[in-house]
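Me: I would like to go through the packing of this model in a few short questions. Please keep the replies plain.

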Amino acid sequence: MVVQSFKELICGLPAASSGVHLDIGGDLIRLLLNSGATLSGNVVVLADPATRTRPEEPCVSEWQTENLFDVAHLLETIQKISSSRGLASISILQVERWPDIEHLLRGLRDFLIPGTCPIILGTRNLARRDVAVKLLLGCHEPPLEPGVYAPRFTRRTFDALLNDVGLLPSQELDILKSGALTRDESLHPALATNTPLGALLASLRNQADPHAETELFIRTCFPGTTSARVSGKAGDLRPFLSVVMRTQGQRPDCLRDVLLSLAAQSDDDFELIVTGHRVGDEEKRVIDKLLAATPTRLRERTRYLQVNTGSRATPLNAGFEAARGQYIAMLDDDDLVFGHWVETFHDLARTHAGQMLRVVCVAQSTEQIPAVAGGSVARAAGTFERRYSERFDMFQHLASNHTPCMAIAYPRAIFHDLGLRFDDRLHTTEDWDFMMRAALICGVASSPEITAIYRIWSNRTNSQTLHDQELWKTNEVFIKKRLDLSPVLLEPGMLGKIRELVQDSEQLAAITRSLSVRVPGAIGTAHAREVTLLSRFLPDRGIRILRDTVRRLRGNRISADDVRLLENTQLFDADWYLSTYPDVAESGMDPVLHYLRHGAPEGRNPGPLFNGTWYLEQHPDVARSGINPLTHYLKHGIGEGRRIKPLEAHVE
Amino acid sequence: MVIQAPLSERAACWRPDSVLTVQSVLYGTLPDGLEKALENLDLSAREAIENGLFKAVKVAYGDGSPTPVLDDATLESWRNRFKNLSAIDYVFFGKNLGSARGHNTLVTGHHQAPLARGDGFMMVMNPDVIVAYDALTNLAIRLKTPGIGLVEARQMPIEHPKDYDRRSGDTVWASTACVMLDERVFHQIGGFDADTFFLYCDDVDFSWRMRLAGWRVVFEPSAVAFHDKRLSPNGAWMTSAAERYYSAEAALLLAHKYSRPELVKDILRYFRDSKQDDLLRAAKEFERRRAAGLLPLPLDGDHKVAVFEGGEYAPHRFRL
């Protein structure tokens, strides 16, 4: 039970008639005085009288000078007091004082077992923010105040100590740091929270656990049984990777496929955690059957967790919490991975310790067709499309997501030690949000190996089609705003990139200022849209869009990036384009260039699989921007979950 | 073997008391990969037997490696471990017979270890292919349809791009990375043409001869087989030197065998103009066989079955 004050904790102690309150060390009195709490009954203090805070404390019946560090003698003294006067409680409020506290506490536990006498234990927080920062910077000094000892325990290690010695807390009290920083401390850039460094350290510390400002942990304990802890270094027993797979059991054919791809991995050093989210009885049966049908060597490394509440982020948090791996990766139940997905992560980890690991994912159009035995099955509808960059670019990802969720593996410390969580409030893009917060802390190591396939379903739902555009946009704005408000680390090289962007922006602003004078008279209505685009985006909108617009206005070549994009996508069909528009074929102009320069503005379509007119009708913001509908879809629309539609004649 | 009635009619009666033999030709194959494949095949065999599709499922390996890749101890441990496989037979050929002759030998028997089989069903499979638990079941369900001679599984993660009918599954040819068929049909069409094809495209020819004999060749997407193929970092399909050479050789042989003399001329011209070593060697080998009278007799003079379209042997849904 969590209590809010020391007074409340004291009120819970047994009545004085049962004996004396035995305080070992003398710290109880100080806390009683500071909190205004009073103890009924007498207090016997075992301590050096020099630790007295006042010459006389009314509730203290006596001070006894003892060799507190002779554990055997101390236990004997306690037994004598108990026999002669009875014990209402025992308190040790600075356990860090004893080098061999475990021995002392085990002895006390064994002594207390037959009775109902509680023991109040306290310790100062080693992981308090200001303490930890000073330790980090090598400027930590031992406490100057007499009777105050250097902290040795964190919340975690204190709880572990109590568990190991068999003392179970019935009440918990965490006392926050009292008093401000000293003047020197408040001026220190690492401790003041309004400096970038101080704010960053505070942010990281606050995220890791809620005890950044806790000064003292106090527990009222009773003897109990110990629970087993893994001995030795837990890290040695961990698999390399935990794979967290969300499923709702509604796509059994896809789940079968992805389980097969995991069974076929070249590197078996992984465990699988399947999180069933809001799964009904029938779906659970389906999942159970599919998991039971996996080979033994995979089944032995598989666990199933049922999660019945929350958003899409909730099963991820549950899966990550349960993960034992050194790294944790996600996989949705309709994705596919190549045979070396785990192996590639493993190879990267060997040379990039501590960083997130990224592989390359290709996209493939896929449709769902009826299966011979009932249900449905996947049919690949297009080639592998290189939509996602080979390397992780932080600036690119700040604007939108270019990394499908299964292309990343996270070091477990991001979740388990640094406290990052998937945001339950997000129903979409929860993976992008988590990825960005993690990437800004640990950076990303990239492999050029293609090891995963993101299936884009043309006729079944996925997370992109399930949620409307409004929700995607709202989530995107929220994520960006939160990132903007966070202190972040910049990796080497990022300052130079920012400097380039600023210089480019200043140069383009100068160009557009001069163009805005010349354009209306010189170019005419054919480029009125580009002029509108330019004025909309000045002065701080996408540098690349401005560059391409300026080039077009000046009659320069179309963006090479756009040309490459269309040359490598199945959505642009050059043969179809030329046969459908014979005037283009007759002109001899390259079909990609024609479509970019003239075709799209004229309402022509790039191929039978992409209806450009429909896309602009469905997404009026794209139409207003004047961006080519196909390049918009390939660069932004996919990440934003925008739908596309083939031409009517192509639909069977 | 005497067949009393047209095979297409007899196939309408499924023979659940038959044995399914899953056969693979080995060449330098690593035992770890085989073990993983067997582990999954074992599960799939259990599912198929429990569904009443076969009486038993066995495995037959033919090893064309320079030295045996499997020893008796490994085989014995697998036989003890994989209880749903009634046998795991292994024969060391002593020389590299290639894919076509290797499979023919496994069906008809080998002089050192006769493995001649009777009236059952068979699968031709790459040795490292990992089948899903329901793959054998779904292949068999499709094969039960009268008139279907050959059923192909869907490979993952790289699905073959050739087209197939969404409803019937009909396709122009089946890749023998993972197929199921009636052994009697195998015998009826004379097995693989090992005299013409060594490696690659023996399955294209096999499929076309099956269709010339009146059988349908179908693709079954719900029968899934993981075939560990990978893409290069620039997204390209990666081919081995052997694949490039034998595919080039087969292109000429298929064009000749399926009565496309003009196409043969075009391919030869292209190969010679390319100056690429693989293509030049393939052209030279083709000319050698032609001069020696070793080319197969042309078939499909009416062009009813074979498809030669943009360098592929079937219409493709997309290009890799």
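Me: At about what angle does helix 9 of chain A run to strand 8 of chain B?

Reply: The model is predicted. Helix 9 of chain A, residues 252-263, lies across strand 5, strand 6 (148-156) and strand 8 (216-226) of chain B. The angle to strand 8 of chain B is about 65 degrees.

Me: Which strands are the edge strands of the open sheet in chain B?

Reply: Eight strands of chain B form this open sheet with mixed pairing, in the order 3-2-1-4-7-6-8-5. An edge strand here pairs on one side only. That applies to strand 3 (87-92) and strand 5 (130-131) of chain B.

Me: Which residue in strand 2 of chain B does B:Val25 stand opposite?

Reply: Strand 1 (residues 19-26) and strand 2 (residues 56-63) of chain B run parallel and are joined by eight bridges. Helix 4 of chain B (residues 98-108) packs on the sheet, touching strand 1, strand 2 and strand 4 (121-125) of chain B. Within strand 2 of chain B, the residue opposite B:Val25 is B:Gly62.

Me: Which helix gives the most to the largest nonpolar core?

Reply: The largest nonpolar core has 174 residues, and those touching the most other members include A:Val243, A:Cys361 and B:Ala225. Leaving out residues up to four places away in sequence, A:Cys361 touches, among others, A:Tyr388, A:Pro404 and A:Ala452. With nine residues, the helix that gives the most to this core is helix 8 (residues 241-257) of chain B.

Me: How many residues are in the other core, which lies apart from it?

Reply: Among the members of that other core are A:Phe6, A:Trp98, A:Leu112 and A:Phe158. The number of residues is 42.

Note on methods. Residues are numbered from 1 along each chain as its sequence is written. Chains are lettered from A and ligands numbered from 1 in the order in which they are written. This is a predicted model: local features need pLDDT of at least 70, side-chain atom pairs count only at pLDDT 80 or more; totals for chains, interfaces and linings use all residues. A nonpolar core is a set of buried Ala, Val, Leu, Ile, Met, Phe, Trp, Tyr and Cys residues joined through C-beta atoms within 7 Å. A residue is buried if 20 or more other C-beta atoms lie within 10 Å of its own, exposed if 12 or fewer, and partly exposed in between; C-beta atoms are placed from the backbone. Helices (H or I, at least four residues) and strands (E, at least two) are DSSP runs, numbered from the N terminus. Two residues are in contact if their C-beta atoms, placed from the backbone, lie within 7 Å. Two strands pair if DSSP finds at least two bridges between them. Axes are lines fitted to C-alpha atoms, for helices over the stretch in contact, and angles run from 0 to 180 degrees between N-to-C directions.
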